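The following exercises introduce a protein structure through a few of its residues and elements. Please study the sequence and the model before reading each solution.

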Amino acid sequence: MKIKHLIALIALTMMASAIYAQGYLQGLGKKVAERARQKVEQKVEQKVDDAVDKAVDDAFEAPGKAVKKKRQSEPEASEPEADESNENPAADASSKASTPPPAKTMEATYAKSDFVPGDEVIFDDPVEGEQMGEFPSRWDLMQGNAEVAALDGHRVINLVDPSTTIAPLMKDMQAYLGEAFTLEYDFWGGDSQSGPWNSYMTYLINENGDAVAEIIIDADASGRCGWSKPSGDGGEQNFTAKNYRNKEWNHMAISFNKRALKVYINGQRVVNVPNCVRPVRLSIGRASWDDHVNYITNIRICNGAVPLYNRLTTDGKIVTYAITFDPGKATIKPESMTEIARIQKLMQDNPTLKFEVQGHCDNTGSAAVNDKLSQQRAEAIKAKLEEMGIASSRLTAVGKGSREPLADNSTDEGRAKNRRVEFVKK
């Protein structure tokens, strides 16, 4: 067995220890932190032991044979491409992806989800218009390194180093989350064949700077959530995301309401915590080996979660940001089915209710393009509701383009509020 492999294995062990030395489990409660730390140490030790055993076995079974090199198809996170073509590490990985669940299956999962997205957008970053290779302009670096990369022609945030953590840039960086809020983002599924250490980590932080909740999802679809209780104790939950997709995009959604914390992966609820200390800010990071890739995009934070019927009775319309589309297209994303299913149920429960479905854009792009695209998106929603059993006579589709903004289009937050769907009572 070559000495460099032993050195690499020792380095991996030291890296795992360093992660916790940097305070990742701070504030989760001593008992919880100790249990989580022991589990990580056991995983690392097992990984090292397995690798050493395999290397020794290879040495005895095939004397003189070199240790197998890293697969050529395995993506490299440190060398993003300089353009938006598919010739980049993650795109190459996607060509060898396992078959994802059928679109209808994903839609059905989201339609049954109890996730309620917030209705006040306070941060929205689709990573559009960012400079390749530069640090993403709407984020602050807590540690490690991050840069803008490309995947399938779209901009993404590449969490480059194993210990990278970033936080959204806000006017008040210390406290911006309400007592009810939601966080959503898309993350690239790792390769579980090379180990479960392609991890995405979400930290919910209180006013003292302590992580009162830590949510981790690994490449093998396993996950862990640790949290602090108001009593000072801590809790921990392990979970498995049944519809997690390797080498594909996945969707993370986190809901917090006063003290209740829920976590969803691709529409499936995997964590349900009834009593957690309230956080006031958050950060996103990774804890992966060097040869993994960690990409995130379409990050959105919202405050509030007002029930649909309350919105309708108060304003005579429902304004929603939870129905989203592929960039520049009228293709409804599967995660939109959670909100569409709620609209369907509302209409089923109120048989006389009729809606004008309005598509709205920000002022990016020409008026002609925005008018056409918003009309197509409104029609796509109408068609989906009809497919779900709502009579066509109860729905009208209208594209409003960028003509009726709700907020200032000169700011990122304003443009995010203007990209919306409205269901106006008729």
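A polar contact is a pair of N or O atoms within 3.5 Å, where, within protein, one must be able to donate a hydrogen and the other to accept it. The structure is a predicted model.

**Exercise 1.** Determine where E422 lies, whether E422 is buried or exposed, and which side chains form polar contacts with the side chain of E422.

*Solution.*
1. Locate the residue: E422 belongs to strand β19, which covers residues 420-425.
2. Assess the burial: the relative accessible area of E422 is 3%. Buried means under 20%, so E422 is buried.
3. Identify the polar partners: the side chain of E422 has a polar contact of 2.8 Å with that of R420 and one of 3.4 Å with that of K317.
4. Examine the surroundings: leaving aside residues up to four places away in sequence, E422 touches several residues, including K317, I318, E356, H360 and L406.

**Exercise 2.** Explain why the buried residues of α5 line one face of the helix, and state what covers them.

*Solution.*
1. List the residues: in helix α5 (residues 308-315), the buried ones are L308, R311 and L312.
2. Consider their directions: viewed down the axis of α5, these buried residues fall within an arc of 95 degrees, and therefore they line one face of the helix.
3. Turn to the other side of α5: T313 and T314 are exposed there.
4. Find the cover: the buried residues of α5 are covered by elements including β16 (317-320), α6 (337-349), β17 (355-360) and β19.
5. Inspect what follows: after α5 comes G316, with a positive phi near 75 degrees.

Key:
Residues are numbered from 1 along each chain as its sequence is written. This is a predicted model: local features need pLDDT of at least 70, side-chain atom pairs count only at pLDDT 80 or more; totals for chains, interfaces and linings use all residues. Side-chain values use heavy atoms; hydrogens and water are left out. Helices (H or I, at least four residues) and strands (E, at least two) are DSSP runs, numbered from the N terminus. Buried means under 20% relative accessible area, exposed over 50%, partly exposed in between (1.4 Å probe, protein chains only). Contact means heavy atoms within 4.5 Å. The arc is that of the directions from the helix axis to the C-beta atoms.
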